[in-house]
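Hello,

Here is the structure to look at. Some notes on helix packing and the nonpolar cores follow.

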Amino acid sequence: MEDMHEYLQKLMDQRQMRSNYNQMMQQALKDPQVQTFLNENADALASDAIEKGAAKIYEFVSERDKIAAGQQPFAPGYRPQLLVSNRLIDITYVPTEAKVAADEAREEANLVTAINMPKSIANASLRTYDFTNRTQALLMANDFYLAQISDPKAFHQGLFLTGPFGVGKTYLLGAIANDLAKQGQATTLLHYPTFTVDMKNAIGQNQVTPMLNRVKNAPILMLDDIGAESISPWIRDDVLGVILQYRMQEELPTFFSSNKTMDELAGFLAGNDRGDDEAVKAQRIMQRIRFLSQEVVVGGENRRLGNQ
């Protein structure tokens, strides 16, 4: 048989708990936000809605106060919200402003596929791009951006950015891609010399076709540092040629950056520096590049170690 003292102690504890609970519930019911909710929904609530929804009301106040105090809530990233369901009081959780902003930023970042590209382009934007000695390039980039967001289904020529090492060509590509991502448009940027090495390595893994298809089908493609790769007939004709032929036929926006001008790139693709003379094949590639892009010089000093 249970000891009478223990029984009485349990009974007192239970009564104390009920008293504390009732006090907390009374405080929750007096909460200004709760009162506003009850007043605004008085006609929609059943006569016993407050009694049946007491726990929901307390949960709302408790979780809201945790968030305000910087404590770990029941559902991180979400805030509680009271609602009427079947004439009773219920609670739901909606994303906080911070979570919404974080999700939007993550979605934008996912629209930019950067392959072997520098981290410095992650926050690049046309609005903060230094136009000193690069006014024409910035104007043409803005023209493309405006045309692309106004009519995404139409074909718009990309840019062939040419200029010395470190003048901000890559950064400008990143700025265009990031600003387009804010408008929900996806871009693939890749460092072309590294891509050609990856393509050669893919031969033994039977991954050439999947890699090639992923690049050639990109909604907007940016080939960075073209002309710096180790050229070979296979890379030129079966990789670059296939990508450009497909993008020309499908009229898909394509950008390039290079330390070479278009004319210099033609000589490079022809193998002039190796003593080869494949001008016809090189010109076939260049015709596609000229169809897809407009050449523009990016000038100024080497900014690689400074602001872009």
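**Helix packing and cores**

The axes of α10 and α12 (lines fitted to C-alpha atoms over the stretch in contact, angles from 0 to 180 degrees between N-to-C directions) come within 10 Å and cross at roughly 35°. This is a predicted model, in which local features need pLDDT of at least 70 and side-chain atom pairs count only at pLDDT 80 or more, while totals for chains, interfaces and linings use all residues. Residues are numbered from 1 along each chain as its sequence is written, and side-chain values use heavy atoms, with hydrogens and water left out. Helices (H or I, at least four residues) and strands (E, at least two) are DSSP runs, numbered from the N terminus.

In the contact (heavy atoms within 4.5 Å), residues of α10 including Arg-236, Leu-240 and Leu-244 meet residues of α12 including Ile-285 and Ile-289.

The largest nonpolar core (buried Ala, Val, Leu, Ile, Met, Phe, Trp, Tyr and Cys joined through side-chain atoms within 4.5 Å) has 31 residues. Its largest share, 6 residues, comes from α11. Leu-269, among the residues with the most contacts inside this core, touches Ile-231, Arg-236, Leu-240, Ala-282, Ile-285 and Met-286, leaving aside residues up to four places away in sequence. A second, separate core has 29 residues, Tyr-129 and Phe-144 among them.

In α9, Met-211, Leu-212, Val-215 and Lys-216 are buried (under 20% relative accessible area, exposed being over 50% and partly exposed in between; 1.4 Å probe, protein chains only). Thr-209 and Arg-214, on the other side of α9, are exposed. The cover over the buried residues of α9 includes β5, α8, β6 and α10.

Regards
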